[in-house]
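Ready for a walk through a protein in your viewer? Keep the selection tool at hand, and we will go from stop to stop together.

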Amino acid sequence: PEAQVQPALLAGRHVIVTSGPTHEPIDPVRYIANRSSGAQGTAIAAALRDLGARVSFVTGPAQVPPPAGVEVIRVETALQMQEAVAAALPADAAVMAAAVADWRVAAAAERKMKKDGSGRPPELEMVENPDILAWLSHHAARPALVVGFAAETHDVIAHASAKRARKGCDWIVANDVSPATGIMGGTENAVTLIHADGAEEWPRLPKAEVAQRLALRIAEALA
Ligand code: CTP
Ligand code: CA
């Protein structure tokens, strides 16, 4: 089924895709992260590739392997992801599907932290990570089309529309990841595409089909 021949609507185009979680070290053996299999970002990179795009795939430590036929840039932390995106510019479009950890430990310990026997957990000082999507949306070399994601558990469209405005990206792919939907960690996704003119609810589809639709929309927008 993957071997369908598609028109090369994105030939000559360069698209950056971020995917997977980031891992923010606490010490050499512990980290903070968001839940993300990397499946949707991987499917998007594959769909863009199938339309002929050159894809820079910047991925954190994901559960699914990266697609063939794309340039894979493996990173661990949000700061590394931002550097990798910067190094991949310029691009015609960017799709930020990564579940970036919002905070990192201010100073990760160089040696494994040991329980001290007091029963009191350590106090970790946290600092906010850069918002890579917002930073790219305001970058001097901003891609013509910047697409973000918003995984929400409630008031999905309101939160996602506010995110689009706040971050300055063109589109937000919003999805409801509340446990009742079974979306989180599954093979299907039900998304709403939010742009300047409103919100389009797409049917619940396999992640590969969500990716193909999005890739086609990106091709249309860049045409
Ligand atoms: N994102 C990013 N860098 C970050 C945080 C988020 O690039 N430090 C991107 C994600 O890849 C996604 C979009 O921003 O495309 C929305 O992520 P989300 O976590 O939903 O947004 P936040 O602004 O972090 O809001 P929240 O408080 O809901 O986590
Ligand atoms: Ca977040």
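Start by selecting Pro90, which sits in the loop between helix 2 (78-88) and strand 6. Show the backbone here: the peptide bond joining Leu89 and Pro90 is cis, with omega at about 5 degrees. Now jump to Asp155, in the loop between strand 9 and helix 4. Asp155 is not a glycine, yet its phi is positive, at about 45 degrees. Both stops deserve a look because most residues other than glycine have a negative phi, and most peptide bonds are trans.

Before going further, please keep in mind that this is a predicted model. Colour the protein chain by pLDDT if you can: the average is 94, and 98% of the residues score at least 70. For the complex, the predictor gives an ipTM of 0.98 and a pTM of 0.95.

**The sheet**

Switch to a cartoon view and pick out strands 5-4-1-6-9-10-12-13, in that order. These eight strands form an open sheet with mixed pairing. Look at its edges, where strand 5 (71-74) and strand 13 (198-201) each have a single partner strand, so one side of each is left without a neighbour in the sheet. From one strand to its neighbour, the turn averages 20 degrees, direction ignored.

Next, zoom in on strand 1 (residues 14-19) and strand 4 (residues 54-59). The two run parallel and are joined by six bridges. Select Ser19, and opposite this residue you will find Thr59 in strand 4.

**Two helices against the strands**

Which strands does helix 1 touch? Select residues 39-50 to see helix 1 packing on the sheet, in touch with strand 1, strand 4 and strand 6 (93-96). The direction of helix 1 makes about 165 degrees with that of strand 1.

Then select helix 4 (residues 156-167). This helix lies across strand 9, strand 10 (171-176), strand 12 (191-195) and strand 13. Its direction runs at about 145 degrees to strand 9.

**A hairpin**

Now go to strand 2 (residues 23-27) and strand 3 (residues 30-33), an antiparallel pair with four bridges. Two residues make up the hairpin connection between strand 2 and strand 3. Try clicking across the pair: Glu24 has Ile32 of strand 3 as its bridge partner, and Pro25 has Tyr31 of strand 3.

**Around the ligand**

Select ligand 1 and show what lies around it. How many residues surround ligand 1? There are 16, and the closest are Met96, Val100, Ile132, Leu133 and Gly148. Colour this shell by residue type and you get ten nonpolar, three polar and three charged residues. Helix 3 (132-137) and strand 9 (145-152) each supply at least two residues of the shell. The largest share, four residues, comes from strand 9.

**Positions from a record**

For the last stop, select Asp102, Lys112, Pro130, Asp131, Ile132, Leu133, Phe149, Lys163 and Lys167. An unreviewed UniProt entry places the feature "binding site" at these positions. They span 66 residues in sequence and the farthest two C-alpha atoms are 37.1 Å apart, so they do not all gather at one spot. Finish at one of them, Asp131, in the loop between strand 8 (126-128) and helix 3.

Terms used:
Residues are numbered from 1 along each chain as its sequence is written. Chains are lettered from A and ligands numbered from 1 in the order in which they are written. This is a predicted model: local features need pLDDT of at least 70, side-chain atom pairs count only at pLDDT 80 or more; totals for chains, interfaces and linings use all residues. A residue is near a molecule or strand if its C-beta atom, placed from the backbone, lies within 6 Å of it. Ala, Val, Leu, Ile, Met, Phe, Trp, Tyr, Cys and Pro count as nonpolar, Asp, Glu, Lys and Arg as charged, and the others, Gly among them, as polar. pLDDT is the predictor's confidence in each residue, from 0 to 100. Two strands pair if DSSP finds at least two bridges between them. Axes are lines fitted to C-alpha atoms, for helices over the stretch in contact, and angles run from 0 to 180 degrees between N-to-C directions. Two residues are in contact if their C-beta atoms, placed from the backbone, lie within 7 Å. UniProt positions are given in the numbering used here, feature names are shortened, and annotations may be inferred rather than shown by experiment.
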